[in-house]
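Student: I have a fold open on my screen and I'd like to know where the labels come from. Could we go through them one by one?

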Amino acid sequence: MIKLKQGMESQMDTKLLEIGHRLCAQRKKKGLTQDALAEKANVSAQTISHAELGKKAMRADTIIGVCGVLGISADYLLFGNTPPVDFSALNSKISLLSPEQHRCLEDIISSFLTAVTPNEK
């Protein structure tokens with residue numbers, strides 16, 4: 001058995017907890033119980049529970065199965081990385097706007113951002 005230094009062990013625990021939180025959030029977002037996710041991913045409910053609690057790392061085949069069921073990437077589950085947004089379709093539509101329509105769209109976006117951005121005091 002490989003002995004980890006205390007600092008590395010703590011980092012590993014933190015990473016496992018982060019993975020567990022993402023796993024739990026995505027499972028709940030899909031409306032699945034631990035048992036249902038386990039059945040669909042062909043693993044035990046205990047495997048899902050331990051992963052969500054950050055008690056145990058999942059094997060590669062388990063990660064692949066769980067990600068497949070949840071419709072997420074392993075990159076997201078393991079590291080929290082989300083794929084970059086492709087703005088090409090939006091850009092092509094905006095390029096068709098007249099100057100007046102472009103100004104209106106800018107006003108709409110500004111109003112939206114004002115509405116959803118918390119006020120800093």
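## From values to labels

Tutor: Sure, start with Arg 59: its relative accessible area is 57%, so it is exposed. Keep in mind that this is a predicted model.

Student: What makes Arg 59 exposed rather than partly exposed?

Tutor: The cut-off for exposed is over 50% relative accessible area. Arg 59 has 57%, so it gets the label. Its partner Asp 61 has 45%. That value falls between 20% and 50%, so Asp 61 is called partly exposed.

Student: You said partner. How do you know that Asp 61 and Arg 59 form a salt bridge?

Tutor: The rule asks for a side-chain nitrogen of Lys or Arg within 4 Å of a carboxyl oxygen of Asp or Glu. For Asp 61 and Arg 59 the N to O distance is 2.6 Å, so the pair passes.

Student: How many salt bridges does that rule give?

Tutor: Four. Another one joins Glu 100 and Arg 103, at 3.0 Å from N to O. Both residues sit in helix H7, three residues apart, which is about one turn of the helix. Glu 100 comes out at 46% relative accessible area and Arg 103 at 45%, so each is partly exposed.

Student: Why does the Lys 15 and Glu 18 pair count as a salt bridge?

Tutor: The N to O distance is 3.9 Å, and the limit is 4 Å, so the pair counts. Here too the spacing is three residues, about one turn, this time within helix H1, which covers residues 6-29. Lys 15 is partly exposed at 47%, and so is Glu 18 at 30%.

Student: What about nonpolar side chains? What makes Ile 109, Phe 112, Leu 113 and Val 116 a patch on the surface?

Tutor: A nonpolar patch takes side chains such as these that have over 30% relative accessible area and lie within 5 Å of one another's neighbours in the group, joined pair by pair. These four form such a patch, with about 380 Å² of accessible area together. Take Phe 112, in helix H7 (residues 99-116): its 52% is over the 30% needed for a patch, and also over 50%, so it counts as exposed.

Student: Why is Asn 42 called exposed?

Tutor: Its relative accessibility is 72%, and exposed starts over 50%, so the label follows. Asn 42 lies in the loop between helix H2 (34-41) and helix H3 (45-52).

Student: What is there to note about the phi of Asn 42?

Tutor: It is near 60 degrees, a positive value in a residue other than glycine. Most residues other than glycine have a negative phi.

Student: Let's zoom out. How many helices and strands does the chain have?

Tutor: Seven helices and zero strands, so the order from the N terminus reads α-α-α-α-α-α-α.

Student: How does the radius of gyration of the chain compare with that of a compact globule?

Tutor: A compact globule of 121 residues would have one near 14 Å, but this chain has 21 Å. The C-alpha trace spans about 65 × 35 × 25 Å along its principal axes.

Student: And what share of the residues is buried?

Tutor: Buried means under 20% relative accessible area, and 22% of the 121 residues carry that label. The chain exposes about 9,400 Å², with 58% of it supplied by carbon and sulfur atoms.

Terms used:
Residues are numbered from 1 along each chain as its sequence is written. This is a predicted model: local features need pLDDT of at least 70, side-chain atom pairs count only at pLDDT 80 or more; totals for chains, interfaces and linings use all residues. Side-chain values use heavy atoms; hydrogens and water are left out. Helices (H or I, at least four residues) and strands (E, at least two) are DSSP runs, numbered from the N terminus. Buried means under 20% relative accessible area, exposed over 50%, partly exposed in between (1.4 Å probe, protein chains only). Patches are made of residues with over 30% relative accessible area and no salt bridge: like charges are joined within 9 Å, nonpolar side chains (Val, Leu, Ile, Met, Phe, Trp, Tyr) within 5 Å. Accessible areas come from the Shrake-Rupley method with a 1.4 Å probe; for residues, only the protein chains shown count as cover. The radius of gyration is taken over C-alpha atoms; the globule rule is 2.2 Å times the number of residues to the power 0.38.
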